[in-house]
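Got the viewer open and a selection tool ready? Let's walk through this one stop by stop.

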Amino acid sequence: MTQKEKMHSCKLYLPNDDDIMRDQLDCLEKQYDYNLTRPHELELRGKLLKEMFAEIGEGCYIEPPLHANWGGHHVHFGKGVYANFNLTLVDDTHIYVGDYTLIGPNVTIATGGHPIDPDLREKGYQYNASVRIGRNCWIGAGAVIVPGVTVGDNTVIGAGSVVTKDIPSGVVAVGNPCRVLREVNDRDKEYFFKDKKTEL
């Protein structure tokens, strides 16, 4: 098994492999171009995202700057996904984000990790585990999602949370480490924020 094949198998591998580095740098060239686009160049941004990402659904938008280890090459976004400024994607393996999910500013979604054993770490070994975020989620500002985590559909992750374990569907989860605070309920239909009534 090559080092590149090990990237997507949750095995230890060496990320400074020549083939990996060459392909990764090619991907980062496109990300560099994306981050240099001007605010009115929306059509160009959309075109670049289609070239950069493994999958990008209709109506997706990512505010530059975007920081991704592979420029989104291993990232799969459904339709209508919005990500605010400074999204960091450690996309050394696959990241899946469902339709209509909102991602706040300064969020990190990481698939890459390093061994706890110092000898292995000194030799440069890494492993990757995919992250899955469901449909219609809201990931609050400054949240961190670590390798191997799944977040269920219709879930809210509070600002600044560090998500180290799977979070189920239909809940509000907060904290470090992130824990379920409560289920999404009927009151959330009546009040959109604190005591502010939903009047559409």
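Start by selecting Y61, which sits in strand 2, residues 61-62. Before you go on, keep in mind that this is a predicted model.

**Stop 1: Y61 and its surroundings**

Is Y61 buried or exposed? Neither quite fits: Y61 counts as partly exposed because its relative accessible area is 22%, and buried would need a value under 20%. Now show what Y61 touches. Leaving out residues up to four places away in sequence, its contacts are L42, R45, V81, Y82 and A83. Add G80 to the selection as well: G80 is 19 residues from Y61 along the chain, and their C-alpha atoms are separated by 7.6 Å.

**Stop 2: the second largest pocket**

Keep Y61 selected, as it is one of the residues lining the second largest pocket. To see the whole lining, add Y34, L42, R45, G46, L49, K50, I56, G57, E58, G59 and C60. The volume here is about 180 Å³. Which element gives the most to this lining? That's helix 3, with 5 residues. Colour the lining by class and you should get 6 nonpolar, 3 polar and 3 charged residues.

**Stop 3: the sheet with strand 2**

Go back to strand 2 and follow the sheet outwards. Strand 2 belongs to an open sheet of 7 strands, in the order 2-5-8-13-16-18-19, and the pairing is mixed. Strand 2 is an edge strand, as is strand 19 (179-183), and each of them pairs on one side only. Partway along, pick strand 13 (residues 138-139) and strand 16 (residues 156-157), which pair in the parallel sense over 2 bridges. In that pairing, I139 stands opposite I157 of strand 16.

**Stop 4: the five-strand sheet**

Next, select strands 1, 4, 7, 12 and 15. They form an open sheet of 5 strands in that order, with parallel pairing. Where are its edges? Look at strand 1 (55-56) and strand 15 (150-151), each of which pairs on one side only. Strand 1 runs parallel to strand 4, joined to it by 2 bridges. Zoom in there and you'll find I56 standing opposite F77 of strand 4. You have met I56 already, in the lining of the second largest pocket.

**Stop 5: F77 and the largest core**

Stay on F77 and show its contacts. Not counting residues up to four places away in sequence, F77 touches F53, E55, I56, G57, C60, I62, L87, V97 and I103. F77 is also part of the largest nonpolar core, which has 35 residues. Which members touch the most others? They are F53, F77 and I109.

Now colour the elements that give two or more residues to this core: helix 3 (42-52), strand 3 (66-68), strand 4 (75-77), strand 6 (87-90), strand 7 (95-97), strand 12 (131-133) and strand 18 (171-174). Helix 3 gives the most, with 3 residues. As background, nonpolar side chains in soluble globular proteins tend to be buried together.

Two of those elements are worth a look as a pair. Strand 3 and strand 6 run parallel, with 3 bridges between them, and L66 stands opposite L87 in strand 6. Strand 6 is also joined by 3 bridges to strand 9 (residues 108-110), again parallel. There, V90 stands opposite A110 in strand 9.

**Stop 6: the largest pocket**

Clear the view and select W138, V156, V172, D188 and F192. Of the 22 residues that line the largest pocket, these lie nearest its centre. How big is the volume of the largest pocket? It comes to about 700 Å³. Helix 5 (187-190) and strand 20 (191-193) each supply at least two residues of the lining. Colour the lining by class once more, and it divides into 10 nonpolar, 6 polar and 6 charged residues.

**Last stop: K165**

Finish in the loop between strand 17 (162-163) and strand 18, where you'll find K165. Is K165 buried or exposed? K165 counts as exposed because its relative accessibility is 61%, and the cut-off for exposed is over 50%. Add P177 and draw a line from C-alpha to C-alpha: K165 and P177 are 8.3 Å apart in space and 12 residues apart in sequence.

Methods:
Residues numbered from 1 in each chain as written. Predicted model: local features only at pLDDT ≥ 70, side-chain atom pairs only at ≥ 80, totals over all residues. Heavy atoms only, no water. Core = buried A, V, L, I, M, F, W, Y, C linked by side-chain atoms within 4.5 Å. Buried < 20%, exposed > 50% of the residue type's maximum accessible area, 1.4 Å probe, protein only. Helix = DSSP H or I, 4+ residues; strand = E, 2+ residues; numbered from the N terminus. Contact = heavy atoms within 4.5 Å. 1 Å grid on protein atoms, 1.4 Å probe; cavity = no way out; pocket = protein on both sides within 12 Å on 5 of 7 lines; lining within 4 Å. Points joined across faces, edges and corners; volume = space filled by probe spheres on them. Nonpolar A, V, L, I, M, F, W, Y, C, P; charged D, E, K, R; others polar. Pairing = 2+ DSSP bridges.
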